Amino acid sequence: MIGDIVETKLCQPKDPMDLFHSGQVVKICAPMVRYSKLAFRTLVRKYSCDLCYTPMIVAADFVRSAKARDSEFTTNKGDHPLIVQFAAKEAQVLCDAARIICPFADGIDLNCGCPQRWAMAEGYGACLINKPELIQDMVRHVRNQIDNPRFSVSIKIRIHEDLKRTVDLCQKAEATGVSWITVHGRSVEERHQPVHYDAIKIIKQSLSIPIVANGDIKTLKDAENVHHLTGADGVMVARGLLANPAMFAGYEETPLKCIQDWVDIALEHGTPFTCFHHHLMYMMERITSKQEKKVFNVLSSTSAVLDYLNDRYGV
């Protein structure tokens, strides 16, 4: 991390809000555990992704431990604009994390949407949507203690069964100075049910800050449809980008050039084998037969994967 970060200090941080004022729908790579790390962010940026998030980082661990900082966060001067997503439940801890990250990133995002049991049990993630005052307190603290006015503070939420509560939460966050809000259009209990795009539309109409729509966006056409349905200023994609990192550039499935780019970038960044291989399994899902998957998915070394790609696809 340190080597990368020294390089980043030479980089002028960008203002993510400029993207929302561009008049174009902002195309965003979601925070994904294990997956939205530097190498993958580098790849999607080559294919028309405007804004990238890090995986969710627990703020308390990040503040307390240099080891956590080194393993959880790497960046470089091409990795902008960049939002670092934190799980936090105490205002000062989030502030301390934001202070550490401020020279190297363009903003932070408070995770108020993670529905995983461990996160909820710890007081993180989606349980925060029931604590609007705590969210306000955390946003206010960061706003007051970070000097850089171009540093964004955003939140990512899920919706309540009673949408009035969500609108109230968003309006309170807006009043405290949140830069934008990403809305995953499902409740905490919903996993694979249809996304409530109508709810995102109502939230958009009730606020004056940018709103980002999230949930079940798999293609560029989906992204355009969701923009038209909701009026959202941006679209955030997770699994759709894993399956096709070139999605935002208009490709229907992962092109071989993108697979070649991933191999080059992953090797250059020293990406661990499991992560390198998993990304390829996702990317090749739509372009390989069942038989090919059986062979490819059990390969157990980088050299075996490289040989396979070279023999089959000339990559």
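This report describes a predicted model, moving from the annotated region to one helix, the nonpolar cores and a set of parallel strands.

## Annotated region

The UniProt record, an unreviewed entry, lists residues 29-291 as "domain: DUS-like FMN-binding". Over residues 29-291 the chain is 45% helix and 14% strand, and the C-alpha atoms at the two ends of this stretch lie 31 Å apart.

## An enclosed helix

Helix H3 spans residues 38-46, and because seven of its nine residues are buried, the helix is largely enclosed by the rest of the structure. The buried positions are Leu38, Ala39, Phe40, Arg41, Leu43, Val44 and Arg45, a list that includes two arginines alongside nonpolar residues. After H3 comes Ser48, which has a positive phi, near 70°.

## Nonpolar cores

The largest nonpolar core contains 88 residues, and the members that touch the most others within it are Phe86, Ile155, Ile181, Leu280 and Leu309. This core takes at least three residues from domain 1 (16-248) and at least three from domain 2 (256-313). A second core, separate from the largest one, has 11 residues, among them Ala30, Ile83, Trp180 and Met236.

Which residues does Ile155 touch, leaving aside those up to four places away in sequence? The contacts of Ile155 are Asp109, Leu110, Cys112, Ile135, Val139, Ala173, Val178, Trp180, Ile181 and Thr182. Among these contacts is Ile181, itself one of the residues with the most partners in the largest core, and also Trp180, which is a member of the second core.

## Parallel strands E7, E8 and E9

Strand E7 (residues 181-184) runs parallel to E8 and is joined to it by four bridges, with Ile181 having Ile211 as its bridge partner in E8. Between E7 and E8 the chain passes through helix H10 (residues 197-206), giving a right-handed β-α-β crossover. Strand E8 is also parallel to E9 (residues 234-237), to which three bridges join it, and the partner of Val212 in E9 is Gly234. A further right-handed β-α-β unit is made by E8, helix H11 (residues 220-230) and E9.

In a regular strand, side chains alternate between the two faces of the sheet. In E8 (residues 211-214), Ile211 and Ala213 point one way while Val212 and Asn214 point the other way, and all of them are buried. The residues of E8 with bridge partners named above therefore lie on opposite sides of this pattern, since Ile211 points one way and Val212 the other.

Notes:
Residues are numbered from 1 along each chain as its sequence is written. This is a predicted model: local features need pLDDT of at least 70, side-chain atom pairs count only at pLDDT 80 or more; totals for chains, interfaces and linings use all residues. Side-chain values use heavy atoms; hydrogens and water are left out. UniProt positions are given in the numbering used here, feature names are shortened, and annotations may be inferred rather than shown by experiment. Buried means under 20% relative accessible area, exposed over 50%, partly exposed in between (1.4 Å probe, protein chains only). A nonpolar core is a set of buried Ala, Val, Leu, Ile, Met, Phe, Trp, Tyr and Cys residues joined through side-chain atoms within 4.5 Å. Domain bounds come from an automatic or database domain assignment. Contact means heavy atoms within 4.5 Å. Two strands pair if DSSP finds at least two bridges between them. A crossover is right-handed if, with the strands pointing away from the viewer, the path from the first strand over the helix to the second runs clockwise.
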